[in-house]
Amino acid sequence: MAKKNVGIHERLQGVGREFVDICHYVILFLISVVVVWTAGKEFIYILQKGSADLKDILMLFIYLELLAMIGIYFKTHRLPVQFLIFIAITALSRHLVVDVQAVSDYFHLWLLATISVAIMLLSAAIVVLTWTARTFGRPEDNLDQHHANLTVKSLLPDDAQAPDSTTKHRRER
């Protein structure tokens, strides 16, 4: 009887994971449609204007990075934080180039310094995230192994045991 309850529990877990995956796909698809639509509007605005300013080009890069991040999720089922940081760096760069010119002279220096420091900190965060992922692996790597073990256990007969798998860090391999 305990085995039957575990089977129901595992099936419900599977249904829950499928539901969450479907919701992720639907929402990401809608976000990608909105990003393409907004980028198209921006591109039409550039065509109507007859020229592209630097702020327009940087905005198109932000749209491109958003689409790349969504594409990576569709291909790998992982949402890389690095792309969010790249988008933030591009947005801060756009703000630095475009919007800072309209600010008063006294505040201009502090805003310029603050944005520059923020870009440097975000760049350092990219370096740290990349180094730790290469050195120690990613937390979702262990989750993938855990889900694979659950799948193997559900396919085995009741009296069989799943092979013991030990997850090692990438640097130990």
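## A charge over a ring

Let's start with a lysine and a tryptophan: the charged end of Lys41 sits over the ring of Trp37, at 5.1 Å from the ring centre. Keep in mind as you look around that this is a predicted model.

## The overall build

The protein chain has five helices and zero strands, so its elements, read from the N terminus, run α-α-α-α-α. Of its 173 residues, 17% count as buried.

The protein chain exposes about 12700 Å², and 68% of that area comes from carbon and sulfur atoms. Among contacts between residues at least 6 apart in sequence, 60% join residues that are at least 24 apart.

## Aromatic company

How many aromatic pairs are there? The count comes to four. One of them joins Phe83 and Phe86, an edge-to-face pair with 5.8 Å from centre to centre and 80° between the planes. Both residues belong to helix H3 (residues 81-99), and because they are three residues apart there, about one helical turn separates them. Phe86 is partly exposed, with a relative accessible area of 34%.

Elsewhere, Tyr25, Tyr73 and Phe74 come together as one aromatic cluster.

## A threonine in helix H4

Now for a polar side chain. Thr135 is found in helix H4, which covers residues 105-136. Is Thr135 buried or exposed? Thr135 is buried: its relative accessible area is 14%, and the cut-off for buried is under 20%.

What does the side chain of Thr135 reach? The partner is the backbone oxygen of Trp131, at 2.8 Å.

Technical notes. Residues numbered from 1 in each chain as written. Predicted model: local features only at pLDDT ≥ 70, side-chain atom pairs only at ≥ 80, totals over all residues. Heavy atoms only, no water. Phe/Tyr/Trp six-rings, centres within 6.5 Å; stacked < 30°, edge-to-face > 60°. Helix = DSSP H or I, 4+ residues; strand = E, 2+ residues; numbered from the N terminus. Buried < 20%, exposed > 50% of the residue type's maximum accessible area, 1.4 Å probe, protein only. Lys NZ or Arg CZ within 6 Å of the ring centre and 35° of its normal. Polar contact = N/O pair within 3.5 Å; in protein donor to acceptor, adjacent residues only side chain to side chain. Contact = heavy atoms within 4.5 Å. Areas by Shrake-Rupley, 256 points an atom, 1.4 Å probe, with all protein chains shown as cover.
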